[in-house]
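Here's a relaxed walk through a single chain, for anyone meeting this structure for the very first time. Have the picture open and follow along.

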Amino acid sequence: MTITTTKLTRAAGMSAVVGGLLFIAVQIKHPHLNSTFTTTTEYAVREAMKIFMAVLSLIGITGIYLRQVRQTGVLGLVGYVVLGVGYLGILCTQVVAVFVLPTLAASQPGYVNDVLAVATNGTPVGDIGPLQILIKGGGFAYVLGGIIFGIALFRANVLTRWAAALLSVGAAAILATPVLPELTQRLFAIPVSVALVALGYSLWRTARTQTPAHSDVPADDPHLTTAGV
């Protein structure tokens, strides 16, 4: 299979779409998180889906950024980096949630409940150590990065503008979640996810309908010279 810029761009677009859809899917009828629930198959499936969501979304926003790197400028770079850190934080947190917390549920249920409390903007009883920095830091980067990246995409006016605006507004709305019940908080994940789906589809569509010069030339093509770039 020949790897081309167009194919990579379309793959990134579909990654964003699937990542956004996964994040919406895991919110549907999500049970309350506690140490007992972490030992169930449903918990393992839901949290594993969030790992795939984080990976696919990171690939997706990378393609979205590279598609309009010149138009978004410095603001786009800052937004992409910060949002990328946010998704990396989510990825690391979910790896702990899937592979560590279930093993501690029986012996240290209090610690597990404290980790889950921090993850859902609750108040932990004890200290969970550096993991709290990872969870809070990743969440902050996700919100701030979403706001900045959305503004940069809206200004660039390359992909769907309403989705870029929704990304910023949806990310900003997450700031209100600490004062809301856990299950209500999950509704605030939907706007950002919808924005990611729309931006991913827009990226896929533009890559499908537009073929920039040399976009279908393999990266190792000896005939591709710097003079033609």
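Let's start with one residue: at 59% relative accessibility, Leu175 counts as exposed, because the cut-off for that label is over 50%. You'll find Leu175 in the loop between H7 and helix H8 (182–185). Along the chain, Leu175 and Leu144 are 31 residues apart, yet 9.8 Å is what separates their C-alpha atoms. Keep in mind that this is a predicted model.

**The whole chain**

Now zoom out. What is the chain built from, helices or strands? It has nine helices and zero strands, so reading from the N terminus gives α-α-α-α-α-α-α-α-α. Of the 229 residues in the chain, 44% are buried. The accessible surface adds up to about 11,600 Å², and carbon and sulfur atoms own 69% of that. As for who touches whom, take the contacts in the chain with a separation of 6 or more: 72% of them involve residues 24 or more positions apart.

**Two helix pairs**

Next, a look at how some of these helices pack. Two packed helices are described by the angle between their axes and the distance between the axes. Here are two pairs set out that way:

| Pair | Axes come within | Crossing angle | Source of the pair |
|---|---|---|---|
| H6 (residues 131–156) and H7 (residues 161–173) | 7 Å | roughly 155° | helix with helix |
| H2 (residues 41–67) and H3 (residues 69–99) | 9 Å | roughly 165° | helix with helix |

Take H6 and H7, whose axes cross at roughly 155°. Angles over 145 degrees count as roughly antiparallel, which means H6 is roughly antiparallel to H7. Their crossing is left-handed. On the H6 side, the contact is made by Val143, Gly146, Ile147, Phe149, Gly150, Ile151, Leu153 and Phe154. H7 brings Arg161, Ala164, Ala165, Leu167, Ser168, Ala171 and Ala172. Sorted by type, the residues of this contact come out as eleven nonpolar, three polar and one charged.

And H2 with H3? The axes of H2 and H3 cross at roughly 165°, and the two helices are therefore roughly antiparallel to each other. This crossing is left-handed. The residues of the H2 contact with H3 split into 22 nonpolar, seven polar and three charged.

**A closer look at Leu58**

Helix H2 is also home to Leu58. Is Leu58 buried, partly exposed or exposed? Its relative accessible area is 21%, and buried means under 20%, so Leu58 counts as partly exposed. Leaving out residues up to four places away in sequence, Leu58 touches Gly84, Tyr87 and Leu88. Val85 is worth finding too: Leu58 and Val85 are 27 residues apart along the chain, with 9.2 Å between their C-alpha atoms.

**Helix H5 and what covers it**

One more stop: helix H5, residues 109–119. Which residues of H5 are buried? They are Val112, Asp114, Val115, Leu116, Ala117 and Val118. What covers these buried residues includes helix H4 (101–104) and H6, the helix that also packs with H7. After H5 comes Asn121, and its phi is positive, near 65°.

How values were computed
Residues numbered from 1 in each chain as written. Predicted model: local features only at pLDDT ≥ 70, side-chain atom pairs only at ≥ 80, totals over all residues. Heavy atoms only, no water. Axes fitted to C-alpha atoms, helices over the stretch in contact; angles between N-to-C directions. Helix = DSSP H or I, 4+ residues; strand = E, 2+ residues; numbered from the N terminus. Parallel < 35°, antiparallel > 145°, perpendicular 65-115°, else oblique. Left-handed = near helix turned anticlockwise from the far one by under 90°. Contact = heavy atoms within 4.5 Å. Nonpolar A, V, L, I, M, F, W, Y, C, P; charged D, E, K, R; others polar. Buried < 20%, exposed > 50% of the residue type's maximum accessible area, 1.4 Å probe, protein only. Areas by Shrake-Rupley, 256 points an atom, 1.4 Å probe, with all protein chains shown as cover.
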